[in-house]
Amino acid sequence: MLREIIEHFNDTVVIDEPVSKELEVTRYLLKYKDTPVLFRNVDGWEVVGNIWSTRERIAEYLGIRKEEILHLIADAMENPMPYQMVKNAPFMESSTRDFSLKELPIPKYYPKDGGQYFTSAMVIAKDENGFVNMSFHRMMVIDEKRVAIRLVPRHLYSMWKDKAERGEELDVRIVVGNPIHLLLAGATSVAYGVSELEIASAISQRAFGKPLEVIEIGGIPVPVESEFVFEAKILPELTDEGPFVDITGTYDYVRKQPVVVFERMHHVENPIFHALLPGGYEHYMLMGLPKEPQIYASVKRVVPKVHGVRLTEGGAMWLHAVVSITKQHDGDGKNAILAAFAGHPSLKHVVVVDEDINIYDDREIEWAIATRFQADRDLVVVPNARGSSLDPSAEKSLTAKWGIDATKPLDKKEEFERAKL
């Protein structure tokens, strides 16, 4: 549970004085960007943010090195494991239909936001063939029981569309306040038919030696390690959703999106609400880390020795990446650039470096560019490529992608060798 996770870390900043969910939560989360912040009183509720704001904290909790995170996620995506059904869960201690979303500690993060926003919530749905999908979706509070949900055209959208075209509602469970193995799994992109709950179970088994435990609520499996669980339905009707600050720290525009009706709320005793700051480091980690294995796998297909992949914080862990390889041929750097773009189509800029460069040190990366890169021979530009809808500089999601081959020429390696003592 979140309280145990917070107590596991000894650097949490505790805010005892009352804090408003209207913009004030954001001020503290921005002040302590890479440090967990626990609010004791947000309109009478406890709230936490920035829990998973660094690779080091995530890795330490999972019992691995930060360099191993992408391999852990990749292994779980390739080898999902069954979850375990149980009969009870702590969040069943308090269940009610008598609640108002307006009275929950759901923050309004930025002044131009369309309203209060669920940002850490994951939606679980089950299709008619028994496939269970779990995915992140931002949700803007409309009134006491309704929200507007942003559905990009992926799995949950497909499940909703099938129902909506028949004029039917999609039954879902919405969970808030989950541990890192569930959050990472919920952010993965896998083929339809592979359940993110089984990816979470695989991560749990490898990190903690036990499968994910779930309880069925109305036939839909829900992780027992949830602080809040809501029974809800996504309606066929649409409404305005937005504006909202997304991962780049800029406002996403208003769209017509489906309406969700919340019917019942469950929560643990003395629950803690997880406030995920839009465009903050925690947002970067949860959205970016599951993409690194995809880039790694894509580059690995063209360059045998790939040592690591990092989506950089400066690129919002979405648009910029660094890839470490050992070249066997002088064209390997450029092939790695193109493969990285294929592995993560939203990627806009990639730097490829040799194995002696620490990809987690921005100064070393810049040093490699300064000493091993020549723009007239080592720059790859791909104009008018499909990019990220989150990039405000893109035109109708078309962008110019560029890669830097900052690797040493194989026939002059000695001239580029760094001095060592």
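Ala, Val, Leu, Ile, Met, Phe, Trp, Tyr, Cys and Pro count here as nonpolar, Asp, Glu, Lys and Arg as charged, and the others, Gly among them, as polar. The structure on screen is a predicted model.

**Stop 1: the second largest pocket**

Select Lys126, Asp127, Glu128, Asn129, Ser158, Met159, Asp162, Lys163, Arg166, Leu170, Asp171 and Tyr192, which line the second largest pocket. Its volume is about 220 Å³. Colour the selection by class: the lining has seven charged residues, three nonpolar and two polar. Then show helix 5 (155–164) and strand 11 (170–176), the elements that give two or more residues to this lining. Helix 5 supplies the largest share, four residues.

**Stop 2: helix 4 against helix 7**

Next select residues 69–78, helix 4, and residues 196–208, helix 7. Their axes lie 8 Å apart, at an angle of about 130°. Helix 4 is therefore oblique to helix 7. The crossing of these two helices is right-handed. Show side chains for Leu72, Asp75, Ala76 and Met77 on helix 4, and for Ile199, Ala202, Ile203 and Arg206 on helix 7; these residues make the contact. Six of the contact residues are nonpolar and two are charged, with no polar residue.

**Stop 3: helix 4 against helix 9**

Keep helix 4 and add helix 9, residues 292–300. How far apart are the axes of helix 4 and helix 9, and at what angle do they pack? The axes are 8 Å apart and the angle is about 85°. Because angles of 65 to 115 degrees count as roughly perpendicular, helix 4 and helix 9 are described as roughly perpendicular to each other. The contact is formed by Leu70, His71, Ile73, Ala74 and Met77 from helix 4 with Glu292, Pro293, Gln294 and Tyr296 from helix 9. By class, this contact holds six nonpolar, two polar and one charged residues. Met77 also takes part in the contact with helix 7.

**Stop 4: helix 9 against helix 10**

Hide helix 4, keep helix 9 and select residues 332–343, helix 10. The two axes come within 8 Å and cross at roughly 140°, so helix 9 is oblique to helix 10. Helix 9 passes helix 10 in a right-handed crossing. On helix 9, display Gln294, Ile295, Ser298 and Val299; on helix 10, display Ala336, Ala339, Ala340, Ala342 and Gly343. Which classes of residue make up the contact of helix 9 with helix 10? There are six nonpolar and three polar residues, and no charged ones. Gln294 also appears in the contact of helix 9 with helix 4.

Note on methods. Residues numbered from 1 in each chain as written. Predicted model: local features only at pLDDT ≥ 70, side-chain atom pairs only at ≥ 80, totals over all residues. Heavy atoms only, no water. Axes fitted to C-alpha atoms, helices over the stretch in contact; angles between N-to-C directions. Parallel < 35°, antiparallel > 145°, perpendicular 65-115°, else oblique. Left-handed = near helix turned anticlockwise from the far one by under 90°. Contact = heavy atoms within 4.5 Å. 1 Å grid on protein atoms, 1.4 Å probe; cavity = no way out; pocket = protein on both sides within 12 Å on 5 of 7 lines; lining within 4 Å. Points joined across faces, edges and corners; volume = space filled by probe spheres on them.
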